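The exercises below are meant to be worked through with the coordinates open, and each task is followed by a solution that proceeds step by step.

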Amino acid sequence: MADEVVLLDFWASMFGMRVRIALAEKGIKYEYKEQDVFNKGPQLLETNPIHKKVPVLIHNGKPVCESLIIVQYIDEVWKDKSPLLPSDPYQRAHAKFWADFVDKKVYEASKRVWTSTKGEEREAAKKDYFETFKILEGELGDKPYFGGETFGFVDLSLIPFYSWFYAIETFGEFNLEAECPKIIAWAKRCLHKEMVAKTLQDEKKVYELVGQLRKLQGLE
C-alpha cells in the first residue's frame, strides 16, 4: 500500500519550508494543505493540539509535529535516499546541536529585529542578530556546507530564513552581507540546489507579509 502523506503548512513558514525541502530531497509525493494561521482550522487543531502550529506531517493518518522532529522522522522512515543526517553518532549529535541553535537563536533574533521600533531597541536587536550569525559563520568556517561537502541537516534548518532576510534587513535598516558575508555566500551556494530554490518563497511577498504583521501588532 502506498504511503499517504499530508503536510499542513503556511506558505511563508520557515519551519514548513524545512519539511518541504526534506520531502523534495527524498522525492516523496504528498498532499499540501495551506493553513490559515490567523484563523486556525479544525484539522490543524486536532493534529497539533499542544502547540497549534504548522507544520504538521500526517503519515498514514498519524501526525508528527515540530519541524526538526518531522525532518528527522522523514530521514528515518525514507532512509534509502538522500540521507539528511550523518550516520556517525557524534556527527549526528553535532548537527542536531546546531539545528537546535538555529531554532532557539535565529528565529528569536530575527523576530526581535522585525518587531522592533526605532532607537535603542532596534540597535540592540540588530546587535543580537549579527552576533548570532557571526557564531554560525564561525561554525561554518571554510566548509561549503555546515556538515562539510554536502547539503545536510543544519543547512536545511537554516536556509529557509533566507526568504525572510530581505524583510528583516529592510525593517532593520542594515545589510547582512556587509556584516556576515560568509552566510550570504553559503546561502547562494544552497540556492544552486533545485529543491531549495523551488521551495524558498519570494522575498518581496514575505516583506509584504511582515509589513502586515507589523500593522497588526501596532508597530506601523
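## Exercise 1: Glu131 and its surroundings

Task: Decide whether Glu131 is buried, partly exposed or exposed, and place this residue in its surroundings.

Solution: In this predicted model, the relative accessible area of Glu131 is 39%, so the residue is partly exposed; the reasoning rests on the cut-offs, since buried means under 20% and exposed means over 50%. The next step is to locate the residue, which is found in helix H5, spanning residues 120-140. Turning to its side chain, a polar contact of 2.9 Å joins Glu131 to the side chain of Lys127. Finally, as a reference for the separation from another part of the chain, Glu131 and Pro42 lie 89 residues apart in sequence, and their C-alpha atoms are 40 Å apart in space.

## Exercise 2: The sheet and its hairpin

Task: Establish the order of the strands in the open sheet, and then describe how E3 is joined to E4.

Solution: Begin with the order, which is E2-E1-E3-E4 for the four strands of this open sheet, with mixed pairing. The edges are formed by strand E2 (31-34) and strand E4 (62-65), each of which pairs on one side only. On average, and with direction ignored, neighbouring strands of the sheet are turned by 20° against each other.

Next, consider strand E3 (residues 56-59), which runs antiparallel to E4 and is joined to E4 by four bridges. Among the facing residues, Leu57 has Val64 in E4 as its bridge partner, while Val56 stands opposite Cys65 in E4. The hairpin of E3 and E4 has two residues between the strands, and Asn60 takes a positive phi near 50° in this hairpin.

## Exercise 3: Helix H1 and its partners

Task: Determine how the axes of H1 and H3 are arranged relative to each other, and which residues make the contact.

Solution: First, take the axes of helix H1 (residues 14-26) and helix H3 (residues 67-77), which come within 9 Å and cross at roughly 10°. Because angles under 35 degrees count as roughly parallel, H1 and H3 are therefore roughly parallel to each other. The contact is made on the H1 side by Phe15, Arg18, Val19, Ala22, Leu23 and Lys26, and on the H3 side by Ser67, Leu68, Ile70, Val71, Ile74 and Asp75. As a last step, sorting the residues of this contact by character gives eight nonpolar, one polar and three charged.

How values were computed:
Residues are numbered from 1 along each chain as its sequence is written. This is a predicted model: local features need pLDDT of at least 70, side-chain atom pairs count only at pLDDT 80 or more; totals for chains, interfaces and linings use all residues. Side-chain values use heavy atoms; hydrogens and water are left out. Buried means under 20% relative accessible area, exposed over 50%, partly exposed in between (1.4 Å probe, protein chains only). A polar contact is a pair of N or O atoms within 3.5 Å; within protein, one must be able to donate a hydrogen and the other to accept it, and residues adjacent in sequence count only if both atoms are side-chain atoms. Axes are lines fitted to C-alpha atoms, for helices over the stretch in contact, and angles run from 0 to 180 degrees between N-to-C directions. Angles under 35 degrees count as roughly parallel, over 145 as roughly antiparallel, 65 to 115 as roughly perpendicular and the rest as oblique. Contact means heavy atoms within 4.5 Å. Ala, Val, Leu, Ile, Met, Phe, Trp, Tyr, Cys and Pro count as nonpolar, Asp, Glu, Lys and Arg as charged, and the others, Gly among them, as polar. Two strands pair if DSSP finds at least two bridges between them.
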